Amino acid sequence: MRPLAHLGSRNVVYRRTLRREVACTGIGLHCGRPVRLRLLPAPAEHGIRFARTDVGVEIQATLAHIGSQDHATTLNCDGVSIGTVEHLLAALAGLGVDDVRVELDGPEVPVLDGSATPFVILLHEAGLRPLAVPRQLLRVKEPVEVVHGAKSARLVPSEHFEVSYAIGFDHPLLRHQALSLRVTPRSFTEQIAPARTFGFLREVELLRKSGLALGGSLENAVVIGETGVLNNKLRFEDEFVRHKMLDAIGDLALLGHPLVGRLEATRAGHALHAAVATKLLATPGAFELVPAGEQAREAAPLAVEAFGRAEA
């Protein structure tokens, strides 16, 4: 096949899809049902679309389709929902996949081990393929902020995509954790993707009575008891804040373009991630779409290194 050089300037970064289809099966964290997931290559500008093959409904992964954000991000369309999309979206965004079709035969993306690493592995198996359309980035030009009491989320201008997150809970293990990171394919894969979802043992029964966490277990979540975690050990000393950053990366993927800006979040969650992203798009002059040139090319070699040589 011809290289992409014939399409224009060598400084242009092109949209990417998968080389081949990949699939997995797992349990939905909240619905507790087995679900089969397929990731398929898609044409340029297709974006990320979720398809419920059991009911024949397709949902574009955008802010316009956000539904419930109770302990997970759900997409809704025509009365049909797809839950817990954030971990997969984070993997796609973190590794620079622009166009993909996601097929599921159930109402929720499988939780697998509670992190984004299984999806990173799936994407590694699929490989990446550039498409003949240049990539555009969404660059933050002016700060926007959403504050709900002690919780806040702010998007500010930056030369790169960065996340700065702080959390605090009424528990000895989680009184305060904070981390700042520039997000690249490598930093996402090594520093963010392995962080697992977490919850408190004292809340499990209440969640299940509400129809949530029906598929949760020590195999797919870090469960925190009164004196420590019930799982054998944490993957990072600050795994909890890293997972909140993972969630934020996935939620911000609903902007529809790779973000160039810095998220500063304090005790935020899915609702605030979506709220600040929505406010950004609704604020005149707060953002602009720019071609992905040399600025984005820094991350491209890391993606190629992670997945092997890309094919045109």
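What follows is an exchange on salt bridges, burial and cysteines in a predicted model.

Mentor: In this predicted model, local features need pLDDT of at least 70, side-chain atom pairs count only at pLDDT 80 or more, and totals for chains, interfaces and linings use all residues. Residues are numbered from 1 along each chain as its sequence is written, and side-chain values use heavy atoms, with hydrogens and water left out.

Trainee: What makes Arg-38 and Glu-103 a salt bridge?

Mentor: The term requires a side-chain nitrogen of Lys or Arg within 4 Å of a carboxyl oxygen of Asp or Glu. The closest N and O atoms of Arg-38 and Glu-103 are 2.5 Å apart, so the pair qualifies. The structure holds 15 salt bridges.

Trainee: Which parts of the chain does the pair Arg-38 and Glu-103 tie together?

Mentor: Arg-38 belongs to strand S3 (residues 34-41) and Glu-103 to strand S8 (residues 100-104), so the pair joins parts that are 65 residues apart in sequence. Helices (H or I, at least four residues) and strands (E, at least two) are DSSP runs, numbered from the N terminus. Both residues also belong to a network of salt bridges that links Glu-21, Arg-38, Arg-49, Glu-58, Arg-101 and Glu-103.

Trainee: Why is Glu-103 called buried, and why is Arg-38 called partly exposed?

Mentor: Buried means under 20% relative accessible area, exposed over 50%, and partly exposed in between (1.4 Å probe, protein chains only). Glu-103 has a relative accessible area of 12%, so it is buried. Arg-38 has 25%, so it is partly exposed.

Trainee: How do you know that Glu-162 and Arg-262 form a salt bridge?

Mentor: Their closest N and O atoms are 3.6 Å apart, so the cut-off is met. Glu-162 lies in strand S13 (residues 161-167) and Arg-262 in strand S17 (residues 259-266), so the bridge ties together parts 100 residues apart in sequence. Glu-162 and Arg-262 are buried.

Trainee: What links Glu-239 to Arg-196?

Mentor: A salt bridge, with the closest N and O atoms 2.8 Å apart. Glu-239 is in helix H5 (residues 239-252), while Arg-196 is in the loop between helix H3 (185-192) and strand S15 (198-200), 43 residues apart. Glu-239 is buried because its relative accessible area is 0%; Arg-196 counts as buried because its value is 9%.

Trainee: How many disulfides does a search of the whole structure find?

Mentor: Zero. A disulfide would need a pair of cysteine sulfur atoms within 2.5 Å.

Trainee: Why do Cys-24 and Cys-77 count as buried?

Mentor: Cys-24 counts as buried because its relative accessibility is 14%, and Cys-77 because its relative accessibility is 18%.
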